[in-house]
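Let us take a walk through this structure together, one part at a time. Have a look at the sequence and the model first, and then read on.

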Amino acid sequence: MISQILALDQITDPQNIGSIMRSCALFNCKGIIIAKDNAPDLTPSLFKAASGAAEIVNFFKVTNLKSSISKITKYGSWVY
């Protein structure tokens, strides 16, 4: 089974992250990878905007987004 993981960079608004999480839950995306710098934490406003999708979609904060994506490709995943 192919599972999608969405990588996001420079999205600072928790409302936008919550909306993206809802879309990920709809399209069966298994997780979101986001850079640690200039990104919101999992706050109550993000949980409210996600409307339950935050419990379904995994949320990963990484130090270096580029190196994390390259590590994913080493395990045989494709990156678009």
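The buried residues of helix 1 are a good place to begin: P14, I17, G18, I20, M21 and C24. Here, buried means under 20% relative accessible area, exposed means over 50%, and partly exposed lies in between, with a 1.4 Å probe and protein chains only. Helices (H or I, at least four residues) and strands (E, at least two) are DSSP runs, numbered from the N terminus. Seen down the axis of helix 1, its buried residues fall within an arc of 160°, so they line one face of the helix; the arc is that of the directions from the helix axis to the C-beta atoms.

Before going further, please keep in mind that this is a predicted model, in which local features need pLDDT of at least 70, side-chain atom pairs count only at pLDDT 80 or more, and totals for chains, interfaces and linings use all residues. Residues are numbered from 1 along each chain as its sequence is written, and side-chain values use heavy atoms, with hydrogens and water left out.

What covers the buried residues of helix 1? The cover includes strand 1, strand 2 (29-35), helix 2 (44-50) and strand 3 (58-62). As for its length, helix 1 (residues 14-26) has 13 residues and should span 18 Å at 1.5 Å a residue, and its end C-alpha atoms are 19 Å apart, which agrees. The expected span is 1.5 Å times one less than the number of residues. Just after helix 1, N28 takes a positive phi of about 60°.

Now to the inside. In soluble globular proteins, nonpolar side chains tend to be buried together. The largest nonpolar core in this model has 16 residues, and those with the most contacts inside it are L8, I17, I20, M21, C24, I32 and I34. Such a core is a set of buried Ala, Val, Leu, Ile, Met, Phe, Trp, Tyr and Cys residues joined through side-chain atoms within 4.5 Å. Helix 1, strand 2 and helix 2 each supply at least two residues of this core, and the largest share, four residues, comes from helix 1.

C24 deserves a second look. At 5% relative accessibility C24 counts as buried, and leaving aside its neighbours within four places in sequence, C24 is in contact (heavy atoms within 4.5 Å) with L6, C29, I32 and V57. Why is C24 not in a bond with C29? The sulfur of C24 is 3.7 Å from that of C29, the closest cysteine sulfur, which is too far for a bond. A disulfide is a pair of cysteine sulfur atoms within 2.5 Å, and by this rule the count comes to zero. C29 is buried as well, with a relative accessible area of 9%.

C29 also leads us to strand 1 (residues 4-8), where Q4 lies. Q4 touches F27, N28, C29, K30 and G31, not counting residues up to four places away in sequence. At 39% relative accessibility, Q4 counts as partly exposed.

Two loops come next. Q10, in the loop between strand 1 and helix 1, has a positive phi of about 60° although it is not a glycine. S51, in the loop between helix 2 and strand 3, has a phi near 50°, again a positive value in a residue other than glycine.

Finally, a search of the whole structure finds one aromatic pair. The rings of W78 and Y80 have their centres 6.1 Å apart and their planes at 35°, so the pair is tilted. Rings of Phe, Tyr and Trp (its six-membered ring) pair if their centres lie within 6.5 Å; planes under 30 degrees apart count as stacked, over 60 as edge-to-face and the rest as tilted.
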